[in-house]
Amino acid sequence: MAAAEEPVRHPVDELPPPWQLVAGGLQHIAAMVAGVVAPPLIIGAAVGLNHADQAMLITASLFTAGLATLLQSLGWWRFGSRLPLMNGASFAAVAPVLAIAKTAAPGSALPAVYGATLVAGVLATLAAPYFSRLRRFFPPVVGGTVITLIGLSLLPVTLNWVRGTGEGEGGSAPVPMENLLIAGAALLVVLVCHRFLRGFAKQLSLLIGLVVGSLLAWPLGLVNSAPLRDAEIVGFMPPMHFGAPQFQIGAIVTMSIVMLVVMTESTATMMALGEIVDRPAEERTVADGLRAVGVGTAVSALLGGFACSAFAQNVGLVALCRMYSRYIVAASGALLVLLGLFPVASGVVELVPKPVLGGAGLVLFGTVAAGGIRTLAKADLGDPVNSLIVGVSLFIGMTPTVVPSFYEGLPGPLATIMGSGISAGCLTAIVLHQAFRIRAQRVAGAAGI
């Protein structure tokens with residue numbers, strides 16, 4: 001009797017050798033670490049933390065991002081999408097957190113933030129199965145628009161990296177010539193490696209670009225070794241280090257609205273990733289992924305982190321390097337946990353200059369936008385209605401990216417939703433598609449079709 005053939009594993013479920021797990025995991029961390037440390041840096045400075053507490057806030061953010069990523073990629077029961085999806089502190093929560101901190105009593109800023117984040121995370125976990133049903137509102141014309149927006153809305157992040165500033169900092173000063181040269185060199189190395197290397201070496205093109213770019217930046221004085229010099233060898237922020245969570249109604253409402261934005265962005269990101277790895281994010285996958293987002297957020301609130309969201313920049317890395325295994329992302333999660341326990345290790349990662357990240361980011365985020373355009377190709381853009389949906393949604397979604405203060409005059413909750421380009425564009429595309437579809441159905445019904 002012939003031996004039964006072993007079932008072919010989907011690339012998402014393949015388990016690479018240990019050295020590939022580590023190398024691929026480091027590459028993912030290099031692509032997202034700046035985004036993970038930006039929220040605690042901004043929030044810590046705003047609430048007046050000293051240097052030691054600021055460092056602990058950063059390590060807590062890394063640690064909780066690792067836990068959330070492990071749950072999201074490996075999954076447990078009905079928690080986790082089991083896709084190669086990185087999770088970490090959401091930048092969408094920064095402005096609302098600063099608003100909560102500003103109105104809190106002296107010494108109660110972070111406890112109020114953590115109490116609101118804890119409740120919002122629990123509510124998001126409970127709402128996940130209902131929110132996931134929105135997936136049916138994402139046909140190619142809507143999904144393609146949102147995926148394109150994800151890539152385009154990340155453009156300011158990579159440009160600020162090239163400038164040398166952090167995520168959300170911006171600036172109007174001219175970009176230093178050495179920054180442009182280093183960013184261009186890193187971009188060129190990534191492209192050359194992707195063109196001429198083969199096998200797993202090709203999949204590490206981004207990591208090679210980051211290493212080579214950092215070495216080129218060193219003699220120009222662009223490598224800041226202070227994070228490595230000042231980092232403790234071992235350090236971990238104990239739970240509720242800044243005090244027990246405080247539960248204030250206004251803060252809870254604000255963070256609950258933030259979680260709606262985070263869930264919308266995470267849904268769009270999961271669907272984009274599903275398209276890339278050829279494992280469509282069905283309703284159950286989205287529900288399980290959103291549960292992981294909610295639990296990750298609640299646990300983060302207890303351990304000193306902030307609201308967790310899916311990281312779109314890592315979707316670009318998956319698309320570029322075609323490393324579809326979720327175990328590589330799980331390795332990234334494990335490494336993030338170690339970075340949270342050993343700050344000196346995160347200091348090594350932070351040696352990569354921002355201009356180098358910017359050069360690599362052009363490839364990553366552009367790849368995401370190209371994926372959205374590929375999805376839009378499945379829609380009939382010759383139909384004037386579809387063209388209108390795409391055009392208006394992209395315009396509204398790009399508005400907060402081009403003019404960040406445009407929606408600040410709106411009432412608080414609405415400003416939070418519209419202030420996220422991905423959420424604003426996503427909601428616009430869904431509403432327009434449904435409105436035109438209902439209109440078309442009524443016309444067809446009246447005509448007896």
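Where is the place of Met240? Met240 lies in the loop between α10 and α11. The model is predicted.

Two residues have an uncommon backbone angle. Most residues other than glycine have a negative phi. Met240 has a positive value, with phi near 55°, and Arg82 also has a positive value, with phi near 60°. Arg82 is found in the loop between α2 (51–74) and β1 (87–89). Because partly exposed covers the range between 20% and 50% relative accessible area, Arg82 at 26% and Met240 at 43% both count as partly exposed.

| Residue | Phi | Relative accessibility |
|---|---|---|
| Arg82 | near 60° | 26% |
| Met240 | near 55° | 43% |

The loop between α10 (226–230) and α11 (249–276) also holds Ile233. Ile233 has a relative accessible area of 60%, so this residue is exposed. Together with Val234, Leu338 and Phe342, Ile233 forms a nonpolar patch on the surface. The accessible area of these four residues together is about 390 Å².

The interior comes next. The largest nonpolar core has 100 residues, and the members that touch the most others are Val146, Ile150, Met255 and Val277. Helix α11 supplies the largest share of this core, 13 residues. Separate from this core is a second one of 13 residues, with Val36, Ile58, Ala65 and Leu339 among them.

Which residues is Val277 in contact with, leaving aside its neighbours within four places in sequence? They are His10, Val12, Leu83, Pro84, Val318 and Tyr324.

Terms used. Residues are numbered from 1 along each chain as its sequence is written. This is a predicted model: local features need pLDDT of at least 70, side-chain atom pairs count only at pLDDT 80 or more; totals for chains, interfaces and linings use all residues. Side-chain values use heavy atoms; hydrogens and water are left out. Patches are made of residues with over 30% relative accessible area and no salt bridge: like charges are joined within 9 Å, nonpolar side chains (Val, Leu, Ile, Met, Phe, Trp, Tyr) within 5 Å. Accessible areas come from the Shrake-Rupley method with a 1.4 Å probe; for residues, only the protein chains shown count as cover. A salt bridge is a side-chain nitrogen of Lys or Arg within 4 Å of a carboxyl oxygen of Asp or Glu. Helices (H or I, at least four residues) and strands (E, at least two) are DSSP runs, numbered from the N terminus. Buried means under 20% relative accessible area, exposed over 50%, partly exposed in between (1.4 Å probe, protein chains only). A nonpolar core is a set of buried Ala, Val, Leu, Ile, Met, Phe, Trp, Tyr and Cys residues joined through side-chain atoms within 4.5 Å. Contact means heavy atoms within 4.5 Å.
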